[in-house]
Amino acid sequence: MQREKFPQFIFTVLIIKGIYQGGVGIKMAKICLCLTGKTLARNLEMIDRYRAYIDLAELRVDCLSDDEHDSVRRFPALAGLPVILTVRRKNDGGHSKYGESSRIVILSKALAFAHPDSRHNFAYVDLEEDLDVPSLEEVARAFGTRIIRSFHNFEGTPSNLSARIKSLYHVGDEIAKISLMPKSLDDVRTLFEISKELRDKEKILIAMGDLGQCTRILAEKLGSYLTYTCAKYESEMQSAAPGQIDPVELCDLFHFREINDKTTVYGISGYPLRSTGSPLFYNNIFNKEKMNNVYVRFPSAKIESFLQFADTISLAGASITVPHKEAVLKYLSEISDEVKSVGACNTIVRTERGWAGYNTDTSGFQGSLLNLINSSAEKTSVPKRLFLKIFPRNNNLKGKRCTVIGAGGASRAVCAVLSRLQGKALILNRDIVRAKELAALYKFEYGPLDEESAKRMKKFRDIIIQTTSVGMEPNIDKDPVPSYEFDGSEIVIDIIYKPAQTKFLQRAIRAGCKAINGEDMLYRQGLDQYACFFGTEYPVDSDKRR
């Protein structure tokens, strides 16, 4: 494997920045790229591709082909940045098929014959808590290779986690690493609480999976030494652990480098929360307006767990989505008139008195609906000014008969708007009791969401609004009313926006219906939600859409 050595001046810069060989100097959380390619050449390609975004790399030797092992020792000199040496066992989430003796031999060979120039050596070696090989540690320390002592747990948070972390500091010069698979947001909260106890210790705290992705983004807030990333969009580069983020996404979307102890955190909570455009919406505007804020996903099956977590990290405000828009109400110290009227909340803001709740779904949906109704009506050869004089904009739904699919928090906002605009509606829901309760508020009709739904919808087909999560991941092949046949005359809104077209929406479009997804509604409600968070109007001058 031929490769030109990395330029000397680059190493000098890295040392000055405090990144190389242990990060003496700047103590900001570093970005580490996990290298899981089968060949060293492929891993070096990944370093070059992401070099502008990363500080160091982890070579996962357990992912390499066997014939690459003899060349591992040369990798640090070719990489041109600090490298962590790791040979992860299967029971710790790795791919090593060797026994402990063979694994120790691989580690020993990679650390052997250390070069006087530390740039040619591994900067770190990851050793599991129960791997007790004093001679291996002595060799590492003798040549400046720092030890990351790690503990992995895929069964949630052990009851003695604090003591477990402290036990990882055998000598005192190690970096303790805890990587756990949370069962709930409560497990993630425990990590943030323990981080305060270890404020002066070098550590790496990670909650894996979707529930714990926030620990990777907020590594600086956790006091973590580094955060692990992966080349998730590259072929043959598998994720080294569940929940890892691409380094470009971490830097460009979440602005990881700018997060510090004064960064204010906002976010969104719901469950399962696999698809949301809110982080892109808010982090883009934070960046454009030079605001020291970050917006992160916090999936939680229970609203109580999320609110406790929010208190732990001093969350300033949050978007609330399915299924928590009604459940959150009893935890609010004050609510807006809109929340009181609709009976659902999609925005909470921290105040001195507790959480204040707002609803911006109503304004978002109303703006999106009226825009859709009026947009195609204006597609005519008649000059717009003359057209609007003869046919004024439609700002009500008099005479319109609508179907609302679902009876959750989003449906409550939709029904409130339909009623205010003087429309009539049929509410269909699998839980007929919830449909009945919601319908009673507005004197709407209701029925079960079943095989007979299509027949009921024929009398309420002017506008059809789909408000359930059916069609989102993981149910992208599902359709809430598969038996209903569109005739092309309907106005259709599916409030889902990821995927851009659900199976339900695709059928409506093919039939010739005027149809949109929920992206426009998301954008419009986001304008009002921004005002709730910051007490000022959304800066539309910074918005690409304007």
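**Helix α2, the surface patches and two contrasting side chains**

The cover over the buried residues of α2 includes β1 (30–35), β2 (56–60), α3 (75–79) and α10. In this predicted model, helix α2 itself runs over residues 40–50, and its buried residues are Leu40, Arg42, Asn43, Leu44, Met46, Ile47 and Tyr50. So a mix of side chains, with Arg42 and Asn43 among them, counts as buried here, each being under 20% relative accessible area. As a bit of background, an α-helix has 3.6 residues a turn, so residues three or four places apart point the same way.

Helix α10 (247–252) also turns up at one end of a loop that starts after β8 (226–230), and Lys232 sits in that loop. Lys232 comes out as partly exposed, at a relative accessible area of 39%. Leaving aside residues up to four places away in sequence, Lys232 touches Gln244, Ile245, Asp246 and Glu249. As for Asn517, 285 residues from Lys232 along the chain, the two C-alpha atoms are 28 Å apart.

Gln529 gives a rather different picture. This residue belongs to helix α20, which spans residues 519–534, and is buried because its relative accessible area is just 1%, against a cut-off of under 20%. Its contacts, again not counting residues up to four places away in sequence, are Tyr282, Ser319, Asn346, Thr347 and Thr360.

On the surface, two patches can be picked out. One is positive and is formed by Arg401, Lys424, Lys443 and Lys459. Of these, Lys443 is in the loop joining α17 (432–442) to β17 (445–448), and it counts as exposed because its relative accessible area of 76% is over the 50% cut-off. The other patch is nonpolar: Ile432, Val433 and Tyr446 together offer about 250 Å² of accessible area. Ile432 is part of helix α17 and is partly exposed, with a relative accessible area of 33%.

Stepping back to the whole chain, there are 20 helices and 20 strands, and the C-alpha atoms fill a box of roughly 85 × 50 × 45 Å along the principal axes. Buried residues account for 55% of the 546 residues. Among contacts with a separation of 6 or more, 68% link residues 24 or more positions apart. The chain exposes about 24300 Å², with carbon and sulfur atoms supplying 50% of that area. On the charge side, the tally is 76 positive and 68 negative side chains, and the centres of the two sets lie 5 Å apart.

Key: Residues are numbered from 1 along each chain as its sequence is written. This is a predicted model: local features need pLDDT of at least 70, side-chain atom pairs count only at pLDDT 80 or more; totals for chains, interfaces and linings use all residues. Side-chain values use heavy atoms; hydrogens and water are left out. Helices (H or I, at least four residues) and strands (E, at least two) are DSSP runs, numbered from the N terminus. Buried means under 20% relative accessible area, exposed over 50%, partly exposed in between (1.4 Å probe, protein chains only). Contact means heavy atoms within 4.5 Å. Patches are made of residues with over 30% relative accessible area and no salt bridge: like charges are joined within 9 Å, nonpolar side chains (Val, Leu, Ile, Met, Phe, Trp, Tyr) within 5 Å. Accessible areas come from the Shrake-Rupley method with a 1.4 Å probe; for residues, only the protein chains shown count as cover. A salt bridge is a side-chain nitrogen of Lys or Arg within 4 Å of a carboxyl oxygen of Asp or Glu. Lys and Arg count as positive and Asp and Glu as negative; His and the chain ends are not counted. The place of a charge is taken as NZ of Lys, CZ of Arg, CG of Asp or CD of Glu.
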